[in-house]
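The following exercises are to be worked through with the sequence and the structure in view. Each task is followed by a solution in steps.

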Amino acid sequence: MFSRILIANRGEIALRIIRACRELGVESIAVFSEADRDANYLKLADQAICIGGGPAAESYLNIPRIISAAEIADVQAIHPGYGFLSENAHFAEICRSCKIEFIGPSVESMKMLGAKLASKELAKKCKVPLTPGSDGPVTTEKQAVDVAQRIGYPVIIKASAGGGGRGMRVAHNDISLKSSLKAAQSEAEAAFKDSTVFIEKYHEEPRHVEVQILGDKHGHVIHLFERDCSVQRRHQKLIEESPCPVINEQTRKDLCEAAVRLAREAGYYSAATVEFIVDKQNRFYFLEVNTRIQVEHPVTEMVTGQDLIHWQLRIASGEKLSLAQDDIHLNGAAIECRINAEDPDRNFIPCPGTLDEFVPPGGPGVRFDSHAYQNYRIGPNYDSMIGKLIVHRPTRAAAISTMRRALDEFRAGPVKTTISLHRQIMRDKDFINARVDTGWLERTRTPAK
Ligand code: MV4
């Protein structure tokens, strides 16, 4: 195991990694921007190094600053957390050339899976179900119209270099397809310096289901079942749960085994998430692979009893993943609510400010992952997530009851948060009956106000 690592991140995930380091006897070096200098979690690290100004480009995204801090602190490895540099293959490459272990997958896996067209090729090769579409890039209007002719409308145009919904366009006819193609190409060029786009049949009102993968450097790959992340708004997840409440045992097995085949084919190590769309008939289709630890990893930890950050550290240090697939069992149900400093009644506008009152819940079945505390000041620089409230109970119905109780205990203000929205959703019959899809939140809530 490493003796000292640097955490190239902030907020709740930095704290989560510091805690894992402490448990494993690894020294943790935190880095912080000038905007985060008073953050409480910095005191829990063995050392904290200021790496620059508040804007992320000057600090958490500044590769030279982070590498300098890592060299000065003489760490063996860097954990990138999620967001920021976590899926930046160039950063992983620089770590490698500086002889610092990147706590994540290989540069090659990141590059291959980061390109969606390449990851679809790989999925096809190992018989992972794909949505019908163009086999490869689409460059001309004629090609686009031919594909749409073959698969039927509606279709979706996606940027190969994109991810998380950026650079996507839906078209319902030839006219809109032609204009969308040009728009998508220039958007992709502007955003990713790569204008490559492809076309798929557009699934309406799908669920978003993703499989947690762990692989080691010795070729051993397992899954830790799935998470359902269908409650979202503009590609921002609000609620995640495990297991997915609508799939049967056979579908679960097929889905999870498909994800394992893909990760194996990629020679993958570390934690990954293989994303799928699940349609109304519970058929699943591969979407993309996320090569990082995800925000919602705690729900998987609760239902499997495994610590994913421990495993990331062990795997990066070369240890064998000493778990057989048969060692992993689904136990009960877990739900996570993201607590964001946003006003759900005003189009989710971010609400920076001071948490004069902040009393998170506790008690049986409740976990709260957060870097926030009473009098914590939420600045305007970073995302607005101030914590993740996670419950774990024997059944989904009991988990919903416990979440309701925990949300009702939660006192936070005067800053507006998503707590009020979560209280409503935990009482909503569609959510209780698991009749939600990725468009549900916006369809049922945006018309008001
Ligand atoms: C789709 C789709 C419908 N049909 N692909 C959005 C994020 C990116 N990972 C892929 N996404 C989608 N791809 C086809 N062929 C709908 C979405 C989509 C979505 C997917 C997962 C979670 C939330 C979503 C919200 C809107 C659209």
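Domain bounds, as used here, come from an automatic or database domain assignment. The model is predicted: local features need pLDDT of at least 70, side-chain atom pairs count only at pLDDT 80 or more, and totals for chains, interfaces and linings use all residues. Residues are numbered from 1 along each chain as its sequence is written, and side-chain values use heavy atoms, with hydrogens and water left out.

**Exercise 1. State the domains of the protein chain and the distance between the C-alpha centres of domain 2 and domain 3.**

Step 1. The assignment gives domain 1 (4-103), domain 2 (132-201) and domain 3 (207-444).
Step 2. Between the C-alpha centres of domain 2 and domain 3 there are 30 Å.

**Exercise 2. Describe how helix 4 and helix 5 pack.**

Step 1. Helices (H or I, at least four residues) and strands (E, at least two) are DSSP runs, numbered from the N terminus. Helix 4 covers residues 107-114 and helix 5 residues 116-125.
Step 2. Axes are lines fitted to C-alpha atoms, for helices over the stretch in contact, and angles run from 0 to 180 degrees between N-to-C directions. The two helices pack at about 95°, their axes being 5 Å apart.
Step 3. Angles under 35 degrees count as roughly parallel, over 145 as roughly antiparallel, 65 to 115 as roughly perpendicular and the rest as oblique. Helix 4 and helix 5 are therefore roughly perpendicular to each other.
Step 4. Contact means heavy atoms within 4.5 Å. From helix 4, M112, L113 and G114 meet K116, A118, S119 and L122 of helix 5.

**Exercise 3. In which order do the three strands of the open sheet stand, and which helices lie across strand 6 and strand 8?**

Step 1. Two strands pair if DSSP finds at least two bridges between them. The order is 7-6-8, with antiparallel pairing.
Step 2. Strand 7 (169-171) and strand 8 (197-201) are at the edges with a single partner strand each, so one side of each has no neighbour in the sheet.
Step 3. Strand 6 (residues 155-159) is joined to strand 7 by three bridges, and I156 stands opposite V170 in strand 7.
Step 4. Helix 6 (residues 141-151) lies across strand 6 and strand 8, at about 15° to strand 8. Helix 7 (residues 174-192) lies across strand 6, strand 7 and strand 8, at about 170° to strand 7.

**Exercise 4. With which residue does K116 form a salt bridge?**

Step 1. A salt bridge is a side-chain nitrogen of Lys or Arg within 4 Å of a carboxyl oxygen of Asp or Glu.
Step 2. K116 forms one with E288, the closest N and O atoms being 3.3 Å apart.
Step 3. This pair links distant parts of the chain, since K116 is in helix 5 and E288 in strand 13 (residues 284-290), 172 residues apart.
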